[in-house]
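Subject: Structure handover

Dear colleague,

Here is the structure I said I would pass on. My notes on it follow below the model.

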Amino acid sequence: LGVNKDAFLPRFVSGLAGTSAKYIASSNHHTAIVNSEGYLYVCGSSLHGKLGIENLMKTYINKFQLVPFFSKRKVKQVACSDYHTLCLLEDCSVY
């Protein structure tokens with residue numbers, strides 16, 4: 001939503017125009033979306049490396065960003081918890 005506050009009513013999520021979500025996972029502090037093409041997008045807290053974006057200097061990402069590591073690997077499902085993001089790829093490998 002672009003802010004670091006709880007939302008008590010549903011709101012439109014921007015930043016993913018032209019793509020449709022296939023799988024969504026969320027924890028208390030970050031969210032991950034797999035689109036219909038198998039690309040992984042993340043936003044929220046980057047503490048402990050849980051967003052999977054190397055050399056990220058920010059501790060919080062307000063808008064969804066593509067995870068570069070998975071740009072050549074198709075993600076099938078994603079799960080989020082307080083300290084990790086777990087991805088199942090189409091080739092059945094897990095990251």
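The second largest pocket is lined by Leu40, Gly49, Lys50, Leu51, Gly52, Glu54, Val67, Phe69, Phe70, Thr85, Cys87 and Tyr95. Please keep in mind that this is a predicted model. The space in that pocket comes to about 160 Å³. By residue class, its lining holds 7 nonpolar, 3 polar and 2 charged residues. For background, empty space of this sort is found by rolling a probe the size of a water molecule over the atoms.

Fold and overall dimensions

The protein has 6 strands and 0 helices. Read from the N terminus, the order of elements is therefore β-β-β-β-β-β. The C-alpha trace spans about 35 × 30 × 20 Å along the principal axes of the protein. The radius of gyration is 13 Å, which agrees with the value near 12 Å for a compact globule of 95 residues.

Of those 95 residues, 32% are buried. The protein exposes about 6,500 Å², and 53% of that area is supplied by carbon and sulfur atoms. As for contacts between residues at least 6 apart in sequence, 37% of them join residues at least 24 apart.

Two residues with positive phi

Most residues other than glycine have a negative phi. Two residues here are worth a look on that account.

One is Asn55, which is not a glycine yet has a positive phi of about 55°. Where does Asn55 sit? Asn55 is in the loop that runs between strand 3 (40-45) and strand 4 (60-66). Is Asn55 buried or exposed? Asn55 counts as exposed because its relative accessibility is 71%, and the cut-off for that class is over 50%.

The other is Cys92, a residue other than glycine whose phi is also positive, near 75°. Cys92 lies in the segment after strand 6 (84-89). With a relative accessibility of 63%, Cys92 is counted as exposed too.

If you open the model, a convenient order is the pocket lining, including Phe69 and Phe70, then Asn55 in its loop between strand 3 and strand 4, and then Cys92 in the segment after strand 6.

Regards

Notes. Residues numbered from 1 in each chain as written. Predicted model: local features only at pLDDT ≥ 70, side-chain atom pairs only at ≥ 80, totals over all residues. Heavy atoms only, no water. 1 Å grid on protein atoms, 1.4 Å probe; cavity = no way out; pocket = protein on both sides within 12 Å on 5 of 7 lines; lining within 4 Å. Points joined across faces, edges and corners; volume = space filled by probe spheres on them. Nonpolar A, V, L, I, M, F, W, Y, C, P; charged D, E, K, R; others polar. Helix = DSSP H or I, 4+ residues; strand = E, 2+ residues; numbered from the N terminus. Rg over C-alpha atoms; globule rule 2.2 N^0.38 Å. Buried < 20%, exposed > 50% of the residue type's maximum accessible area, 1.4 Å probe, protein only. Contact = heavy atoms within 4.5 Å. Areas by Shrake-Rupley, 256 points an atom, 1.4 Å probe, with all protein chains shown as cover.
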